[in-house]
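The following exercises concern helix packing, sheet order and nonpolar cores. Please study the sequence and the structure before reading each solution.

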Amino acid sequence: MLEIGSLVDGKYKILNKVGQGGMSVVYLAMNEKANKQWAIKEVRKDGVLDFEAVKQGLVAETDILKKLDHPHLPSIVDVIDTEDSFIIIMDYIQGNSLNKALEEYGAQPQELVIKWAMQLCDVLGYLHTRNPAIIYRDMKPANIMLKPDGNVTLIDFGTAREYKEKNLADTTCLGTVGYAAPEQFGGMGQTDARTDIYCLGATLYHLVTGMNPCEPPYEIKPIREINPALSSGLERIIIKCTQRDPNDRYQSCAELMYALEHYEEIDDIHRKKQKRKLGLFIASLLMTVIMAVTSVSGYFMAENKKSENYEEILKTAQTVDDYYNAILTDPQKPDAYQKLNKYLTDDFVLTKEEAQQLLKLQIGLEKQNSNGFSENIDVMEQLAASNPTAYRDVCYEIGQSFLFYYDVNVDRDRYSNAATWFEHAKDQYDVAGIYCDISNCLNVISEYNGGKYKQTEKMYEEYKNLWDMIKQLEEKTADFDSVDSKLQVWNEINSMIDSNIPQFIEITDKADMINLLDEISKQSDDVNKSVIEKEIHQLKSSIENTKAKIESVQD
């Protein structure tokens with residue numbers, strides 16, 4: 001076994017043991033140079049009867065994971081094969097499995113289960129659309145990690161396989177009884193995407209009812225027989241997922257995702273409401289007129305009543321004021337802040353007017369109190385006090401919007417506005433601290449360029465600092481999970497170099513600049529281009545233009 005405090009591969013320091021199975025031990029480790037935690041899974045030859053067979057399974061698992069890049073999947077960083085052990089370095093997923101949540105609290109809230117279901121459906125859809133498709137085959141609560149931010153990550157690819165057409169003997173009792181589809185037990189057909197849909201349906205059944213399909217009576221009943229308060233729409237979805245004949249299930253994760261997103265529309269209650277829609281509209285209109293004529297206080301009471309359900313407001317939000325309303329209803333929840341930010345940047349541009357709408361969060365939002373008077377609510381302070389981690393997440397995401405999307409022509413203004421948010425996130429995000437330092441550099445440089453100070457060696461010291469921070473920023477992209485985030489930063493670095501070529505040549509040489517740009521171009525070749533191939537091409541073209549400008553400068 002690895003010793004606490006020892007170094008693996010000269011860079012991963014073992015902090016403590018976090019789990020142990022029959023054949024393996026999992027440790028928490030720190031890469032001190034990168035200031036990032038990792039999980040280290042060690043399988044030792046000692047005590048394993050057929051080490052080579054186990055090792056082959058682990059190699060297959062890591063080979064699959066190394067090809068993947070998805071926010072709800074762990075990443076494999078390194079594999080170390082020694083004579084006595086097989087070691088896997090992977091993302092450390094904080095939190096506990098949903099199996100533990102079931103053991104401690106029983107059936108989970110329906111709204112949360114549906115949220116998790118959509119995330120898992122998205123993961124499976126991603127796996128199924130690889131070439132060749134990857135069939136997971138072991139979906140169950142024990143293989144789903146619930147992270148502190150409320151999102152889930154799918155782990156353990158020990159039974160996953162790449163789909164091979166006509167491979168009828170691909171499964172012999174692989175998966176977990178109770179969750180596994182009939183075809184996972186030899187002789188009943190080949191496993192495919194619909195197998196994973198069955199397993200997900202069985203998992204949702206367990207989560208929303210608390211009834212384990214692995215235990216007596218070993219069946220998946222209609223969920224409202226267990227809890228009549230559950231949605232009939234969700235019941236129909238689970239029943240369709242878990243049909244014995246794969247042809248009777250949802251045929252793809254895209255089809256299942258659509259059903260999950262519209263589960264309320266197939267609910268019995270929703271159907272009844274639709275039949276009464278016209279009558280309710282007329283009654284609501286009459287009520288609004290009566291309330292407006294009768295008194296202003298009645299109007300405020302109705303507004304307060306409408307604001308009681310945070311989730312309902314957020315679900316139907318269509319304007320900035322709707323998102324403000326959701327935030328005021330419960331300032332301690334991060335979702336409304338993040339969705340407001342996404343709403344304002346969906347077109348990849350943050351106008352000055354939209355920027356002001358985000359800045360309102362810093363100065364506070366206006367709310368009517370019980371006496372009908374307006375008062376200022378410091379919503380960000382309430383979020384920071386109740387949920388510091390979510391507060392820093394929100395500040396980091398809004399900072400990114402100002403940095404990458406703010407529609408201004410001066411880099412200093414983008415960075416300066418972004419830094420007001422990044423300042424509150426740098427304890428959690430190292431890269432936020434780098435952005436703040438870059439902002440300070442640009443502010444000092446502007447004082448020289450604007451004529452306040454003479455352009456002396458001091459100014460070029462700031463350019464030297466700026467160049468060093470750009471290189472640090474490029475190094476940090478290796479820690480990014482999101483390809484989009486990497487692409488944004490690579491474009492930003494190229495733009496920063498392109499705008500300051502003469503100044504950078506004074507404090508470094510052309511080769512250093514070109515080498516950095518070549519490194520970015522090389523890294524862009526290694527990312528999954530299936531979605532952003534056009535954007536990668538544009539980045540590489542811009543890099544070549546910048547390199548040409550650098551080369552053209554006379555020595």
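Axes are lines fitted to C-alpha atoms, for helices over the stretch in contact, and angles run from 0 to 180 degrees between N-to-C directions. The model examined here is predicted.

**Exercise 1.** Determine how helix 22 is oriented relative to helix 23.

*Solution.*
Step 1. Helix 22 spans residues 510–525 and helix 23 spans residues 533–552; their axes come within 10 Å and cross at roughly 170 degrees.
Step 2. Angles over 145 degrees count as roughly antiparallel.
Step 3. Helix 22 is therefore roughly antiparallel to helix 23.
Step 4. Residues making the contact include Met513, Ile514 and Leu517 of helix 22, and Ile536, Leu539 and Ile543 of helix 23. Sorted by class, this contact comprises eight nonpolar, three polar and six charged residues.

**Exercise 2.** State which strands are the edge strands of the open sheet with the order 7-9-10.

*Solution.*
Step 1. The open sheet has three strands, and its pairing is antiparallel.
Step 2. Strand 7 (96–97) and strand 10 (152–154) each pair on one side only, and they are the edge strands.
Step 3. Strand 7 is joined by two bridges to strand 9, residues 144–146. Ser97 stands opposite Met145 in strand 9.
Step 4. Helix 3 (residues 110–128) lies across strand 9 and strand 10, at about 35 degrees to strand 10.

**Exercise 3.** Identify the residues with the most contacts inside the largest nonpolar core.

*Solution.*
Step 1. The largest nonpolar core has 79 residues.
Step 2. Leu361 and Phe402 have the most contacts inside this core.
Step 3. Not counting residues up to four places away in sequence, Phe402 touches several residues, among them Leu350, Leu358 and Trp421.
Step 4. Another core, of 52 residues, lies apart from the largest one and includes Ala39 and Val123.

Notes
Residues numbered from 1 in each chain as written. Predicted model: local features only at pLDDT ≥ 70, side-chain atom pairs only at ≥ 80, totals over all residues. Heavy atoms only, no water. Core = buried A, V, L, I, M, F, W, Y, C linked by side-chain atoms within 4.5 Å. Buried < 20%, exposed > 50% of the residue type's maximum accessible area, 1.4 Å probe, protein only. Contact = heavy atoms within 4.5 Å. Helix = DSSP H or I, 4+ residues; strand = E, 2+ residues; numbered from the N terminus. Parallel < 35°, antiparallel > 145°, perpendicular 65-115°, else oblique. Nonpolar A, V, L, I, M, F, W, Y, C, P; charged D, E, K, R; others polar. Pairing = 2+ DSSP bridges.
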